[in-house]
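Here's a structure to read together, one kind of feature at a time. Have the viewer open while we talk.

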Amino acid sequence: QVQLVESGGDLVQPGGSLRLSCAHPGFTFYGYVIAWFRQAPGKEREGVACISNTDGSTLYADSVKGRFTISRDSAKNMVYLQMNSLKPEDTAVYYCAADNVIAYCSDDGTLYDYWGQGTQVTVSS
């Protein structure tokens, strides 16, 4: 059973930064596509960023390009989401998702079989 654990969510002021982490203790992410999604109250789930652990390719939502960076630490089996220049509209629960069937990044959440419990990010002054 693949269980993902997110951490790093917090309350931050607009313009601030946060780094989210996604881990699966005792499990390697090699061969998996890992993605971050978010869902704000009353809104649909949105794909934020994705990284393929096969070829390292990445994909970002237009709303976060230039501000967010997804990365991985293969030695630690961790995937990170560095979020800079945060805006109030970035407020949401952020989820880590993984799948080893799809070959490349996708923002279609239905393609991912494994999900974490989510971590709250609130951007407010």
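What follows is a short dialogue on rings, strands, disulfides and one contact list.

Q: Before we start, what kind of model is this, and what was left out?

A: It's a predicted model: local features need pLDDT of at least 70, side-chain atom pairs count only at pLDDT 80 or more, and totals for chains, interfaces and linings use all residues. Residues are numbered from 1 along each chain as its sequence is written, and side-chain values use heavy atoms, with hydrogens and water left out.

Q: How do I read an aromatic pair, and how many are there?

A: A pair of aromatic rings is described by the distance of the centres and the angle of the planes. The rule here takes rings of Phe, Tyr and Trp (its six-membered ring) with centres within 6.5 Å; planes under 30 degrees apart are stacked, over 60 edge-to-face, and the rest tilted. That rule gives four aromatic pairs. Take Y32 and Y114: their ring centres are 6.3 Å apart and the planes sit at 50°, so this pair is tilted.

Q: Where in the chain do Y32 and Y114 come from?

A: They come from distant parts of the chain, 82 residues apart: Y32 is in the loop between β3 (18-23) and β4 (33-39), while Y114 is in strand β10 (residues 114-115). Strands here are DSSP runs of E, at least two residues long, numbered from the N terminus.

Q: Are Y32 and Y114 buried or partly exposed?

A: Check the relative accessible area: under 20% is buried, over 50% exposed, and in between partly exposed (1.4 Å probe, protein chains only). Y32 has 9%, so it's buried. Y114 has 21%, so it counts as partly exposed.

Q: Which class does the pair of F37 and Y112 fall into?

A: Edge-to-face, because the planes are at 75°, with the ring centres 5.4 Å apart. This one also links distant parts of the chain: F37 is in strand β4 and Y112 in the loop between β9 (92-99) and β10, 75 residues apart. Both F37 and Y112 are buried. Ring pairs also tie F37, Y112 and W115 into a cluster.

Q: Which charged side chains sit over rings?

A: The test asks for NZ of Lys or CZ of Arg within 6 Å of the ring centre and within 35 degrees of the ring normal. R45 has its charged end over the ring of F37, 5.7 Å from the centre. R19 does likewise over the face of Y80, at 4.0 Å from the ring centre.

Q: Which strands does β9 pair with?

A: Two strands pair if DSSP finds at least two bridges between them. β9 runs antiparallel to β4, with seven bridges joining them. Three bridges join β9 to strand β11 (residues 119-123), again antiparallel. β9 and β10 are antiparallel too, over two bridges.

Q: Which residues stand opposite each other there?

A: Try V93 in β9 to begin with: it stands opposite Q39, and also opposite Q120 in β11. Further along, A97 stands opposite W115 in β10. As for cover, six of the eight residues of β9 are buried.

Q: How many disulfides are there, and which cysteines do they join?

A: A disulfide is a pair of cysteine sulfur atoms within 2.5 Å. The structure holds two. One joins C22 to C96, with S to S at 1.9 Å; the angle about the S-S bond is -75°, a left-handed link. That pair brings together C22 in strand β3 and C96 in strand β9, 74 residues apart, and both C22 and C96 are buried.

Q: And what about C50 and C105?

A: Those two are joined by a disulfide with S to S at 2.4 Å, left-handed at -95° about the S-S bond. C50 is in strand β5 (residues 46-52) and C105 in the loop between β9 and β10, 55 residues apart. C50 is buried at 2% relative accessible area, and C105 counts as buried at 18%. Number the bonded cysteines in sequence order and the pairing reads 1-3, 2-4.

Q: What does S52 touch?

A: Contact means heavy atoms within 4.5 Å. S52 lies in strand β5 and is buried, with a relative accessible area of 0%. Leaving aside residues up to four places away in sequence, S52 touches Y32, V33, S57, R72, A103 and C105.

Definitions and conventions: Helices (H or I, at least four residues) and strands (E, at least two) are DSSP runs, numbered from the N terminus.
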